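Here are my notes on the model you sent over, point by point. Have the structure open while you read.

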Amino acid sequence: MTAPWVETDTTAGALATAGAIGIAFGVALERAGLGSARKLVGQFYGTDLTVFKVMFSAILVAMLGTFYLAQLGVLDLSHVAVPETWLVPQLVGGLVFGAGMATAGLCPGTSCVAAASGRGDGLAVLLGMFSGVLVTGLVFEPLRGLYESAARGPLTLPGWLGLPYGVVMLAVVAIGLAGFRLAERIDGAPGARGPGGAGGAGGAP
């Protein structure tokens, strides 16, 4: 049962909430320094794991929030949409996405943050991203076979592993805490500021 203070059928309210959360998340990304391509490429060099810490923190907060809101009756998990898994196209898309992020030094979210804060590289990445969407739309028919291949339906970790939600949640939290500890050790190591930082090849920031 939905909690009495939570309205139903609130499309406008949901959009407003999503917009507010998106703006707050963008501000958090900017404050964490993730509007800078130099900060992000440190992830690939293994010298600055800020991206991992920020994004995994967001994942853990969302996961724990979803779990406890469901336990309190505030959120009905049956109304939470789970995207379908298309194994082959998503693997291909992940490789293309990863190559683009490594080349540009920004992902879609951080490129928006960079562009909004007046960075030219962020604007360039945004233009490239929208151009890619346009080109893909124009040549979509030849790609349809790949796009619709290897369907697996909506997959979740609890369903895939056959374990209760709470058990999987605890395991992910444990992995996250271990990852944060390792990331702190890496970030605290001498010369671990990445390209352009004090310990990188670029000299002073």
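1. Let's start with V172, which lies in helix 9 (residues 165-187). Helices here are DSSP runs of H or I with at least four residues, strands are runs of E with at least two, and both are numbered from the N terminus. Is V172 buried or exposed? V172 is buried, at a relative accessible area of 16%; buried means under 20% relative accessible area, exposed means over 50%, and partly exposed is in between (1.4 Å probe, protein chains only).

2. Who are the partners of V172? Setting aside neighbours within four places in sequence, V172 is in contact with F56, L60, M63 and L157, where contact means heavy atoms within 4.5 Å. Take M63: along the chain M63 and V172 are 109 residues apart, yet their C-alpha atoms are separated by 9.3 Å.

3. A word on what you're looking at. This is a predicted model, in which local features need pLDDT of at least 70 and side-chain atom pairs count only at pLDDT 80 or more, while totals for chains, interfaces and linings use all residues. Residues are numbered from 1 along each chain as its sequence is written, and side-chain values use heavy atoms, with hydrogens and water left out.

4. How far does the predictor trust this? The protein chain has a mean pLDDT of 83, and 87% of its residues reach 70 or more; pLDDT is the predictor's confidence in each residue, from 0 to 100. Among the elements, helix 2 has the lowest mean pLDDT (85), and helix 6 (residues 120-138) has the highest (92). Go carefully at residues 1-7, where the pLDDT is below 50 and the stretch has seven contacts in the model beyond near neighbours in sequence. Residues 195-205 also have a pLDDT below 50, with 19 contacts in the model beyond near neighbours in sequence.

5. The overall layout: the protein chain has nine helices and two strands, and from the N terminus on the elements run α-α-α-β-α-α-α-α-β-α-α. Of its 205 residues, 23% count as buried. Looking at contacts with a separation of 6 or more, 64% come from residues 24 or more positions apart.

6. Back to the partners of V172, three of which bring us to helix 3: F56, L60 and M63 are in contact with V172, and F56, L60 and M63 are among the buried residues of helix 3. The others buried in that helix are T50, V51, K53 and F67. What covers the buried residues of helix 3? The cover includes helix 2 and helix 9.

7. Helix 3 also passes a length check. Its 22 residues, at 1.5 Å a residue, should span 32 Å, and the end C-alpha atoms are 31 Å apart, which agrees; the expected span is 1.5 Å times one less than the number of residues. Helix 1 (residues 11-31) agrees too, with 21 residues that should span 30 Å and end C-alpha atoms 30 Å apart.

8. Now see how helix 2 (residues 37-45) sits against helix 3 (residues 50-71). Their axes come within 8 Å and cross at roughly 95°. Axes are lines fitted to C-alpha atoms, for helices over the stretch in contact, with angles from 0 to 180 degrees between N-to-C directions. The two helices are therefore roughly perpendicular, the word for 65 to 115 degrees (under 35 is roughly parallel, over 145 roughly antiparallel, the rest oblique). The meeting residues are K39, L40 and Q43 in helix 2 and T50, V51 and F52 in helix 3.

9. K39 deserves a closer look. At 27% relative accessibility, K39 counts as partly exposed. Not counting residues up to four places away in sequence, K39 touches A32, G33, L34, D48 and T50. K39 and G105 are 66 residues apart in sequence, but 8.2 Å apart in space, C-alpha to C-alpha.

10. S36 lies in the loop between helix 1 and helix 2. S36 is buried, with a relative accessible area of 17%, and beyond neighbours within four places in sequence S36 is in contact with L106 and R119.

11. Last, check some backbone angles. G33, just after helix 1, takes a positive phi of about 85°, and G73, just after helix 3, takes a positive phi of about 85°. Most residues other than glycine have a negative phi. A150 is not a glycine, yet has a positive phi of about 55°. You'll find A150 in the loop between helix 7 (140-147) and strand 2 (151-154), partly exposed at a relative accessible area of 22%.
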